[in-house]
Amino acid sequence: MSFWKKIFGDPNQRIIDNTQPVIERINFLEPEFEKLSDEELKNKTAEFRLLLEKGKTLDDILPEAFAACREAAKRTLGQRHFDVQLIGGVVLHRGQIAEMKTGEGKTLTATLAVYLNALSGKGVHLVTVNDYLAKRDSVWMGQIYYALGLSVSCINHESAFLYDPNYIEEIQNPNDQGSVRDEARDTKGVFKIEQSYLRPVSRREAYQADILYGTNNEFGFDFLRDNMAVAPSQMVQPRCPDGMSGGEAPMEASERELNFAIVDEVDSILIDEARTPLIISAPAEESGELYYRFAELVKRLKENEDYNVDEKMRAATLTQEGISKMEKWLGVENIYTEGGIKLAHHIEQALKAEVLFKKDKDYVVREGEVVIVDEFTGRLMFGRRYSEGLHQAIEAKEGVKIQRESQTLATITFQNYFRLYKKLSGMTGTAATEAEEFAKIYNLEVVQCPTNKPMIRRDLPDRIYKTESGKFKAVVGEIKERHERGQPVLVGTISIEKNEILGEMLSREGVPHNILNAKNHEREAEIIAQAGRKGAVTIATNMAGRGVDIILGGNPPIQEEAEEVKRLGGLFVLGTERHESRRIDNQLRGRGGRQGDSGETQFFVSVEDDLMRIFGGDRLKKIMETLGVPEDMSIENKIISRSIESAQKKVEGHNFDIRKYLLEYDDVLNKHRETIYKKRREILFSEGYRKKILEMVEGGIEKITLFHTASSDEKDWNLEEIYESVGTIFSIPVEARRRMDDLKEGADLSRRSFANGETKAEARTKIIVYLMSLAQKEYETLEKRIEEATGNPKFIREVEKGVSLRAIDMLWVEHLEAMDALKTGIGLRGYGQRDPLVEYKREAYRMFAELLELIEKQIVYNIFKIYPVAANGVGVQSASAGLPPSPFGLRRTGRRDMAAPPTKSLLERQGVSVSAPEKGGASGAGSNVAAGFSPRQSTKIGRNDPCPCGSGKKYKRCHGA
């Protein structure tokens, strides 16, 4: 115990003690709830909801709700929540992180807070790390919620399901009454999914359930897709508390919102994956030949001569010698002037791919495709791609087909997505080491919950070897010895490559084993579930987020075998290398000694391991060589173990600084995202946008008028320019032009007005009012024209939405690209003694102000250019705004086509399907991408050049006004 804890007490223990009265109350209610029939227990949900309607709070009904949930679990699963699980449930309900050791039952613990918060009718999301866990938990824990009268669903990649115990798939035997399935679900529910209970539904229906299980990726991508939707019917998620996103309210009593989320393996999702943004993108044109060329050339470069590698920073940079060689091989004099920064950037990415990214560690090649391996979970990350050309560089290195680079359509980080929830909590076995980051970024407090039974696992000191080969020989010897005794062994490696090397060595020694890595993750649950059998040897890349406990004697356990394994010392957990994060090591350790079981853990380390080598392992290696230590002999030293932990702390602190730094920049873009998505939502759910559009038109007219009447001498007012500029917004009739000519020639009128005391401001106002009256008449004409063409007086309202959404979407994509370019180069301003973050905020503010102005201008300059077309025509707005079918389409007419955006909607232009998300869509970078996309080309037009529309006027007086 630290000095300060002795004086002030343990703050964590105070929180635990604070929950005791609640736990005692729940236990006191247990006999009362045991007497209820199944129907009476189910009716408790309606009673609780009635109490909430009458003004009670969730805290008021917590003991009763927890008691009901515990009773339902006993009747359906045969499992009773321990008191420590009740503590965990209270912690989750309070919006904190519950750190519970592996095997303490986090899955069951979550049901308490989920049920309580679902009573509000606003929905609860439980976030898992993979599709398998989402489906498994919705079936396994779904029994509890169903018994209490709540609906539960889950979303997976391209699918959604509703838990329904009465649903039987067509492929099943129709005579099956469910008894076999029930038995399988209850005995093997911990790792086996009974698909028979999952009825396929639309994604929208899944979100309307009381409780929804899904992965962090699926929730995040649904959020982005909702904010690219062109009709409310395409939106699936509930809206955010601030109105930033969401669909139509599925309930009459209360409006749904992003209400409450519990994040399972919260450290993996909110810490490890925080640096990777979710991106929906479409492909851009980029030649793949250069990538192949660069991949070949960088292989000829030599380390420390042509380039330097900084493994701590994971960076590789060319030296002047290396740059000279590349220029010579490419046949250019200067890559920075002849090829531009882009050429130099791609050369650096090719170098990075060659020397820093290793096959079967950072990525695997599967079926001709480069798939990223999650550094922390060891799983394949399908749909994810490295950005800025790095993924293409790796594809070129491996000689597979290069996928085109992409243009970002929408993006958000997990940090900013999960902060949208009204209340957020999480659970994991390892959060204490990252408590500071959770507090500073998410305002989440970490509470360490006690174990149900005392922990008796022995954590042995690290064994340190001189060489990696010597270490692996010792590892194989240790595994073989324990296997022959019958003790189950779980081996943790940090890469697929090391995983398979160790597997081959064990095969040569005749030791049977199971390998668990990203290449065979489909069987992971079954492999882990049986890792506690007598003599079992399991080699796994990483144990984070596996979601399955290792029970001694197997699963379901064989009692005699379980007792024998306990006598042998329980599960032996062997780590072959220290990870840069202490949490990952602790996750591996935590697999042993669950629920008071015996167990041992030990790490085998060599001074050639990455972590040791980067942080001073060379000195230790020289000492061991000087002392003549054999390569297969280990040393155990507390000082060395402490130095390893110190190195891990340094890496953790460095990674925290990076995440915090990135978040500060992303928070700037997040403010822009909030405003834009709020605007989109207002348009989507508005009855009509007429008033707002006319306000924009008036603003445009006012700007034009004020600009050309800025002179203090009314004789210098350029009324001809006003006429021409306003004429690019809407057609001005001949009569109005005569009136404008009168104003231009209005020396008499002007002198008379001013002579009568009329101020210049009043004269300007008269011009604006007059022009606005013309605009309103023209708009009424447009409305009549559309009504006559479609036979629908409300069709113009949908047209307004379509024009507005297209303007927002097109310019938002360009803004994202510009912001990304700004962030890439802003660091250089530090050389000028200016804070890059301050400069970024200043520039971003200016760019966003320009974006909002451009959006209004785009709407104003396009809305009047809508015109009916023949019955077989395809309408501009009907394609872009998800409008109802009509016998007529709409188009732009006349010479102004050049000024308006292309006739397809944003998503169609980018090659992205606009079908409703519930029909199933990809959810990753490049999702729903069509192969034939070609980007919009743009040419810079000078202010005094002839307008390309063919009017004969200068661009500044026509479409450049």
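1. In this predicted model, helix α27 (residues 638–684) and helix α34 have axes that come within 10 Å of each other and cross at roughly 15°. Angles under 35 degrees count as roughly parallel, so α27 is roughly parallel to α34. The crossing of the two helices is right-handed. On the α27 side the contact is made by E664, Y665, V668, H672, T675, I676 and K679. On the α34 side the residues are P836, L837, Y840, K841, A844, F848, L851, L852 and I855.

2. Just before α34 in the sequence there is a loop to look at. Q833 sits in the loop between α33 and α34 (836–863). Its phi is near 60°, which is a positive value in a residue other than glycine. Is Q833 buried or exposed? Residues over 50% relative accessible area count as exposed, and Q833 has 73% relative accessibility, so Q833 is exposed.

3. A second residue can be read in the same way. N304 has a phi near 65°, again positive in a residue other than glycine. N304 belongs to the loop between α13 (289–298) and β9 (307–310). With a relative accessibility of 62%, N304 therefore counts as exposed.

4. The next point is the interior. In soluble globular proteins, nonpolar side chains tend to be buried together. The largest nonpolar core of this model has 137 residues. Which of its residues touch the most other members? They are L224, L270, Y417, F418, F438 and F730. Helix α33 (residues 795–826) supplies the largest share of this core, with 15 residues. Another core, of 61 residues, lies apart from it, and includes L119, V124, I144 and V152.

5. F438 deserves a closer look, as one of the residues of the largest core that touch the most other members. If neighbours within four places in sequence are left aside, what is F438 in contact with? The list is I97, V266, D267, L270, I271, A431, N443, L444 and V446. L270 in this list is also among the residues that touch the most other members of the core.

6. Now the sheets. Strands of a sheet pair through backbone hydrogen bonds, either parallel or antiparallel. One open sheet has nine strands, in the order β5-β4-β3-β6-β2-β7-β15-β1-β16, and its pairing is mixed. Which strands form the edges? They are β5 (198–200) and β16 (446–448), and each pairs on one side only. Neighbouring strands of this sheet are turned by 25° against each other on average, with direction ignored.

7. Strand β15 (residues 423–428) lies between β7 and β1 in the order of this sheet. Five of its six residues are buried, so β15 is largely enclosed by the rest of the structure. β15 pairs with strand β7 (residues 260–264) in the parallel sense over five bridges. On its other side β15 pairs with strand β1 (residues 97–99), also in the parallel sense, over three bridges. M427 of β15 takes part in both pairings: D264 is its bridge partner in one, and A98 stands opposite M427 in the other.

8. Elsewhere in the nine-stranded sheet, β6 and β2 are neighbours in the order. Strand β2 (residues 124–128) and strand β6 (residues 211–215) pair in the parallel sense, over five bridges. Within this pair, L126 stands opposite Y213 in β6.

9. Strand β19 (residues 489–492) is covered on both faces. In a regular strand the side chains alternate between the two faces of the sheet. Here V489 and V491 are on one side, L490 and G492 are on the other, and all of them are buried. β19 pairs in the parallel sense with strand β21 (residues 537–540), over four bridges. Four bridges also join β19 to strand β22 (residues 571–575), and these two strands run parallel. V489 stands opposite V537 in β21 and opposite F572 in β22.

10. Finally, there is an open sheet of three strands, in the order β11-β12-β13, with antiparallel pairing. Its edge strands are β11 (363–366) and β13 (380–381), each pairing on one side only. Strand β12 (residues 369–373) pairs with β13 in the antiparallel sense over two bridges. In β13, L380 is the bridge partner of V373.

How values were computed: Residues are numbered from 1 along each chain as its sequence is written. This is a predicted model: local features need pLDDT of at least 70, side-chain atom pairs count only at pLDDT 80 or more; totals for chains, interfaces and linings use all residues. Side-chain values use heavy atoms; hydrogens and water are left out. A nonpolar core is a set of buried Ala, Val, Leu, Ile, Met, Phe, Trp, Tyr and Cys residues joined through side-chain atoms within 4.5 Å. Buried means under 20% relative accessible area, exposed over 50%, partly exposed in between (1.4 Å probe, protein chains only). Contact means heavy atoms within 4.5 Å. Two strands pair if DSSP finds at least two bridges between them. Axes are lines fitted to C-alpha atoms, for helices over the stretch in contact, and angles run from 0 to 180 degrees between N-to-C directions. Angles under 35 degrees count as roughly parallel, over 145 as roughly antiparallel, 65 to 115 as roughly perpendicular and the rest as oblique. A crossing is left-handed if the near helix is turned anticlockwise from the far one by less than a right angle, and right-handed if clockwise.
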